[in-house]
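Visitor: I'm new to this one, and I'd like a close look at one sheet and how it ties into the rest. Could you walk me through it slowly?

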Amino acid sequence: MAAEPEASRQTTQLASSEALFQGLLDSAPDPIVIVDDRGRIVLVNRQAEETFGYTRDELRGQVQDILLPERFREAHVGHRAGYVAAPRTRPMGMGLELYARCKDGRELPVEISLSPLHTERGLLVTSVIRDVSERTELLRREQEARNAAEAEQRRLQALLAAVPDAIIAVDAVTGRLEQNTRAVEIFGPLDPARGHEQRVGLVLRPDGQRLELEELLTSRALRGESIDSEELVVLQPHGQPLPVLGRAAPVRAPDGEVTGAVVSYQDISVLKELERLREEWTSAIAHDLRQPVAAVAAHAQLLQALGAARDAGETEQQAVEHILASARQLYRMISDLLDSSLLSAGRLKLEPLMVDLPTLLRAAVGRMAETLGDHPVQFVVAGAIPRISADPGRLEQVVGNLITNAAKYGTPGTPIQTSITVHDENVEIAVVNEGSDLSHEEIGQLFRRFYRSSRARNTGAGGLGLGLYICRELVRAHGGRIWAESAAGTVTFRFTLPLAAPSA
């Protein structure tokens, strides 16, 4: 009778062990399926029930293939057979990427680890099944994003290859340089690893001076500066200079940090050639028009003298005066055209002398008095003004244009103030008139060739829009600069001239 209690005790221990083992399986985070050497399911845990939709009673005794789509069953049998045939030679937890099939027919991407388990019942195979749906979805999205990025990169490369401008991009962190096809044609093939430093000496200003590293458009863009357009010259691989229009912009991260720079160079050699031809044509026309206009003015002066000698009527005298005034205006316009052509072509030569500036400007204002109408000129000299080296004729032309401009657009009857002061190493001349304020946009355009402000167009004032352009170029030729200011009903033009003679 003692054997019966012992058997009962062993049965109880076995049941307890199985319950403990089942509890351990149920506590695992992943589905676990244990099969025998024939591939039949012996045990499953709670995660397996929840994942696949079967109860453990439904799965127990079934071939494990019930949990696999048909296309994977043959491969899985081979892997399980390998464990059965030589369990000690197979690594534990060998990973397989498969799909599992749920009771409702859904398929889940899973990762299965197979491990042998030796028991008194024989060899069992434990399958730990991990649902990798989220990981698979992330990988799919990552691949889609990678494919999209690669496609976008190909489209961008095709676009850059088709762009007629030379484009160079620089990475702010690595310094690596990239160039499109047109940039290779203009600069030659540049070493990406050497960065934009290798372009020093290849990019020049229009006057032929080379740009140093910190002056390159890429360097300025990497410092956060945007360059809308800047005329430059590029030395091509064969040494031929190519005029270009450069533009640059920084590349910024979402937080505003500059991460790179992009620079484009537009070939303007055709435009420069057209401009040269236009300048030659303008210069030829202006030169040829001077003689007949001078003849008209001379004969009008003769008529005026003859009319005065025979006491001609007022109507006749006014008609002759109108002819003279129109001839003078036409002569000034022709002179402006000719000067503009010479300045643009760099062929206008200055004839500098040592000039007493106050004396020169007072005389110029005196000669203009009759043409200023009801605008008195107030002349102020602040302190002692040293003599400077300048072309007196061209300097009088600058001041004359500014004062004439002030009289033309100033409020009728208001004075024009002209002053001379010394600041540091420069002498500054200012011409101030009362009148409508100029907008910031107009001030930025005033010195462009052929530009006429809205005020000039609205008042019907004559002119070609060359006067201020000529002033700017003549002041630059003297080594100075010119600018305009407008506020509180006044418009001020200022220009500087160096006290020392400008270098040749």
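**A sheet and its surroundings**

Guide: Let's start with one small detail: Ala169 stands opposite Val262 in S11. Right beside this, Val170 has Ala261 in S11 as its bridge partner. Before we go on, this is a predicted model, where local features need pLDDT of at least 70 and side-chain atom pairs count only at pLDDT 80 or more, while totals for chains, interfaces and linings use all residues. Residues are numbered from 1 along each chain as its sequence is written, and side-chain values use heavy atoms, without hydrogens or water.

Back to those facing residues. They belong to the pairing of strand S6 (residues 166-171) with strand S11 (residues 258-267), an antiparallel match held by 6 bridges. (Strands are DSSP runs of E with at least two residues, helices runs of H or I with at least four, numbered from the N terminus; two strands pair if DSSP finds at least two bridges between them.) S6 also pairs with S7, again antiparallel, through 3 bridges. One of the matches there puts Ile168 across from Gln179 in S7. S6 and S7 form a hairpin with 5 residues between the strands, and in this hairpin Gly175 takes a positive phi near 75°.

Now zoom out to the sheet as a whole. It is open, has 6 strands with antiparallel pairing, and reads S7-S6-S11-S10-S9-S8 from one side to the other. Strand S7 (177-179) and strand S8 (203-204) are the edges: each has a single partner strand, so one side of each is left without a neighbour in the sheet.

S11 does something else worth a look. The structure holds 2 aromatic pairs (ring centres within 6.5 Å; planes under 30 degrees apart are stacked, over 60 edge-to-face, the rest tilted). In one of them, Phe187 and Tyr265 meet edge-to-face, at 5.4 Å centre to centre with 65° between the planes. That pair links distant parts of the chain: Phe187 sits in helix H6 (residues 181-187) and Tyr265 in strand S11, 78 residues apart. Both rings are tucked away: Phe187 is buried at 6% relative accessible area, and Tyr265 is buried at 1%. (Buried is under 20%, exposed over 50%, partly exposed in between, with a 1.4 Å probe and protein chains only.)

The other aromatic pair, Phe447 with Phe493, is edge-to-face too, at 6.1 Å centre to centre and 85° between the planes. Here Phe447 comes from the loop between helix H12 (440-445) and helix H13 (454-459), while Phe493 is in strand S18 (residues 490-498), 46 residues along the chain. Phe447 counts as buried at 9% relative accessibility, as does Phe493 at 4%.

Phe493 also turns up in the largest nonpolar core, a group of 40 residues where Leu357, Leu402, Ile403, Phe493 and Phe495 have the most contacts inside it. (A core joins buried Ala, Val, Leu, Ile, Met, Phe, Trp, Tyr and Cys through side-chain atoms within 4.5 Å.) Among the elements giving this core two or more residues are helix H10 (357-368), strand S15 (416-423), strand S16 (426-434) and S18. H11 provides the largest share, 7 residues. Then comes a second, separate core of 22 residues, and this one brings us back to where we began: it includes Leu177, Ala248, Val263 and Tyr265. In general, nonpolar side chains in soluble globular proteins tend to be buried together.

Methods
Rings of Phe, Tyr and Trp (its six-membered ring) pair if their centres lie within 6.5 Å; planes under 30 degrees apart count as stacked, over 60 as edge-to-face and the rest as tilted.
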